[in-house]
Amino acid sequence: MYVVVSVAILVTMVLALVRALKGPTVYDRVLAVNVFGTKTVLLLAVIAFLYGRPDFLDLALAYALINMVGILAVLEFFQNRSQRTPKGEDD
Amino acid sequence: MIDIVLDVLSWILILLGSACVLIGGIGGLRLPNFYTRIHAASLTDTMATILIFVGMMLQAGFTLATLKLFAIMLFLLLTGPTATYALANAALLSGLKPDAVTDSDKPKENTPE
């Protein structure tokens, strides 16, 4: 049964990768990478139960923290870049 | 008896969660523009996370794994909508219009159907 869940999560990760590759705007790509990271956390937690090794839950927790910080950093970068005026680029 | 009930309930929750994951993934690929895609993706962030993690908590019982699962679920539920809000806010501030008609993926080729 855990195999069914992991296959569903893996299919969703592949779909998110397709969206990240063909996304028209940069925000589509960031959204797809965010979905990919969240699904990685879910997949790690499912794998911990699939193989009966609870150590993987610590990896899932650490990955959730890193993913959140990474997404917010990328968003700050793009938001500041879009608001920056063309002539004063070295604010 | 109560074991069988908890087992069946947890499998139902986990299968519903995987259905939510699949629906969100397909919606994130197939929906026409950015603000509809962010809606589908945020469905998988909250609903699928709650269903799958509560199902696995019912499988684990009163152990340390349940505590870790609860911590991960709480963290994902706090950060997922925050990241989605920041993403939508950044897109709106950068001038991406929330227009329901525009199909930003395929500009011209889907009109003959």
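The following exchange goes through a predicted two-chain model, chains A and B.

Residues are numbered from 1 along each chain as its sequence is written, and chains are lettered from A, and ligands numbered from 1, in the order in which they are written. Because the model is predicted, local features need pLDDT of at least 70 and side-chain atom pairs count only at pLDDT 80 or more, while totals for chains, interfaces and linings use all residues.

Colleague: What ipTM does the model score?
Modeller: Two scores are given for the model. The pTM is 0.82 and the ipTM is 0.80.

Colleague: In chain B, which helix has the highest confidence?
Modeller: pLDDT is the predictor's confidence in each residue, from 0 to 100. Chain B has a mean of 83, and 88% of its residues reach 70 or more. Over residues 108–113 of chain B pLDDT stays under 50. Confidence is lowest in α3(B), at a mean of 87, and highest, at 91, in α1(B).

Colleague: What pattern does chain B follow along the sequence?
Modeller: Helices (H or I, at least four residues) and strands (E, at least two) are DSSP runs, numbered from the N terminus. Chain B has zero strands and three helices. Its pattern is therefore written with helices alone. Read along the sequence, the pattern is α-α-α.

Colleague: Which element gives the most to the largest nonpolar core?
Modeller: A nonpolar core is a set of buried Ala, Val, Leu, Ile, Met, Phe, Trp, Tyr and Cys residues joined through C-beta atoms within 7 Å; buried means 20 or more other C-beta atoms within 10 Å, exposed 12 or fewer, and partly exposed in between, with C-beta atoms placed from the backbone. This core has 45 residues, of which A:A45 and B:I72 touch the most other members. α1, α2 and α3 of chain A and α1, α2 and α3 of chain B each supply at least two residues. The most, 13 residues, comes from α2(A).

Colleague: Leaving aside neighbours within four places in sequence, which residue of chain B is in contact with B:I72?
Modeller: Two residues are in contact if their C-beta atoms, placed from the backbone, lie within 7 Å. From chain A, B:I72 is in contact with A:V41, A:A45, A:L57, A:A60, A:L61 and A:A64. From chain B, the residue is B:F53.

Colleague: How many residues of the side of chain A that touches chain B are charged?
Modeller: The contact takes 37 residues from chain A and 40 residues from chain B. On the chain A side, the largest share, 12 residues, comes from α3(A). Nonpolar covers Ala, Val, Leu, Ile, Met, Phe, Trp, Tyr, Cys and Pro, charged covers Asp, Glu, Lys and Arg, and the others, Gly among them, count as polar. By that division 28 are nonpolar, seven polar and, as charged residues, two.

Colleague: Is A:L65 buried or exposed?
Modeller: A:L65 lies in helix α3 of chain A. Its C-alpha atom is separated by 9.9 Å from that of A:V41, 24 residues apart along the chain. Because A:L65 has 12 other C-beta atoms within 10 Å, this residue is exposed.

Colleague: Within what arc do the buried residues of α1(A) fall?
Modeller: The buried residues of α1(A) include A:V5, A:A8, A:I9 and A:R19. The face turned away from them carries the exposed residues A:V3, A:V7, A:L21 and A:K22. What covers the buried residues includes α2 of chain A together with α1 and α2 of chain B. Seen down the axis (the arc is that of the directions from the helix axis to the C-beta atoms), the buried residues line one face of the helix, because they fall within 165°.
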